[in-house]
Number of protein chains: 2
Amino acid sequence: MAIEAPSRRRAIEDAASALFHERGYPATSVRDIARALDIRGASLYAHVTSKEDVLWSIVDRAASTFERAADAAAAATAQRPPAERLSALVRAHVEAIAADPELASVFVSEWRHLSADRKMSILERRDAYEGRFREVIVAGMATGDFGSTDPGLAATFILTALNGLATWYRPDGRLTAQRIADHYADLATRTLEEHR
Amino acid sequence: MAIEAPSRRRAIEDAASALFHERGYPATSVRDIARALDIRGASLYAHVTSKEDVLWSIVDRAASTFERAADAAAAATAQRPPAERLSALVRAHVEAIAADPELASVFVSEWRHLSADRKMSILERRDAYEGRFREVIVAGMATGDFGSTDPGLAATFILTALNGLATWYRPDGRLTAQRIADHYADLATRTLEEHR
DNA sequence: CCTACCGATCGGTAGG
DNA sequence: CCTACCGATCGGTAGG
């Protein structure tokens, strides 16, 4: 089939995601990934050029997923008040994590094992992503909807709390993704709203 | 000197903490730790029984540090309203991280590389620690100081946000530990307080 | 996708 | 704390 090669590549990335999520990148060997696919370690190199290359594909795809989700959330709430815009960003982030926790957790935790230039490129994208949260916080402070705070610190506080989900979320856990998204959007908004 | 042996052991743990913080436990070799102390890899084994043993000492000490800090914070605010008790717990946690970010970051990120029984023991202590936060949240909901929320989810949200500090805190950063503690205590409290 | 193999490095031990 | 060394495993290549 014409789609075999790309789907095989994707199967490798999925198996690697699961293992990187569970044990971390350095503790996962090329042979571990191959074993999950019932092939030999050396056979992986017919589809990938290096172990780091697999990590990069996963991290890059995860970054794009978060960026697209945030784009959609921002577009849908562009004319709404800051609290709603923040709530939409939080929901989009939580839903992206819940949709593929292994992908998200590799993105959140394993990027530091990338080569220096790829690491730098991811750090820049992360900062731009965090900037979306900072901008909404600044806007909310300007309208008086949000109390006065350090926007950078508040954005880091909230995003770190959200990212923790990638570590502990289980599809069959006590709370559904929707309920977690509801709660987290509420908690994040409360974190900033002016008390009155 | 009589204190040489224990201080040497501690020097090993400190060098290991710095490396585990920077690269993670699996990506740090015994020879890396030895090199930081200007000795040979094999010489380390005069002071430690295994690499995992070093990780355990660090994680166990970090856990005790957090527990003692929380004990002191709880004792000092036992008769105060829930918001103040929460604020004290948050400050204690942030200050413990800032006092030794490498120790804290190994505790937060590397415990999963411990053996099964040690991992279990740390997970239990973490849950008990998180329970202190849950209890204050429940108490605040009971008095009406805090709005209605899922105490477990809120505790996880806040503690995850705080733990992120271990990853990015730098003593020479833009904000002092005191200012971060102030802000984080404020953000955590706002996250829960009923709007009025 | 396989077998066979490479040099490098791993955590750890023996024996001073 | 050292030298010398162990078996196991690492990421990756050659050549089908």
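Let me start at DNA strand D, where 15 residues lie around the strand and Arg31(A), Tyr45(A), Arg8(B), Arg40(B) and Ser43(B) come nearest, a residue being near if one of its heavy atoms lies within 4 Å of the strand. Of the strand D atoms that come within 4 Å of the protein, sugar and phosphate account for 59%.

I should say at once that this is a predicted model, in which local features need pLDDT of at least 70 and side-chain atom pairs count only at pLDDT 80 or more, while totals for chains, interfaces and linings use all residues. Residues are numbered from 1 along each chain as its sequence is written, chains are lettered from A and ligands numbered from 1 in the order in which they are written, and side-chain values use heavy atoms, with hydrogens and water left out.

On chain A, a polar side-chain atom of Arg31(A) is 2.8 Å from a base nitrogen of strand D, whereas Tyr45(A) places a polar side-chain atom 2.7 Å from a phosphate oxygen, and Val30(A) has a polar backbone atom 2.8 Å from a phosphate oxygen.

Turning to chain B, helix α6(B), residues 116–143, has 28 residues and reaches 41 Å from its first C-alpha to its last, close to the 40 Å expected at 1.5 Å a residue, where the expected span is 1.5 Å times one less than the number of residues. Its buried residues (under 20% relative accessible area, 1.4 Å probe, protein chains only) include Ile122(B), Tyr129(B), Phe133(B) and Ile137(B), and what covers the buried residues of α6(B) includes α3, α4, α5, α7 and α8 of chain B. Just after this helix, Gly144(B) takes a positive phi of about 85 degrees.

Terms used. Helix = DSSP H or I, 4+ residues; strand = E, 2+ residues; numbered from the N terminus. Buried < 20%, exposed > 50% of the residue type's maximum accessible area, 1.4 Å probe, protein only. Contact = heavy atoms within 4.5 Å. Polar contact = N/O pair within 3.5 Å; in protein donor to acceptor, adjacent residues only side chain to side chain.
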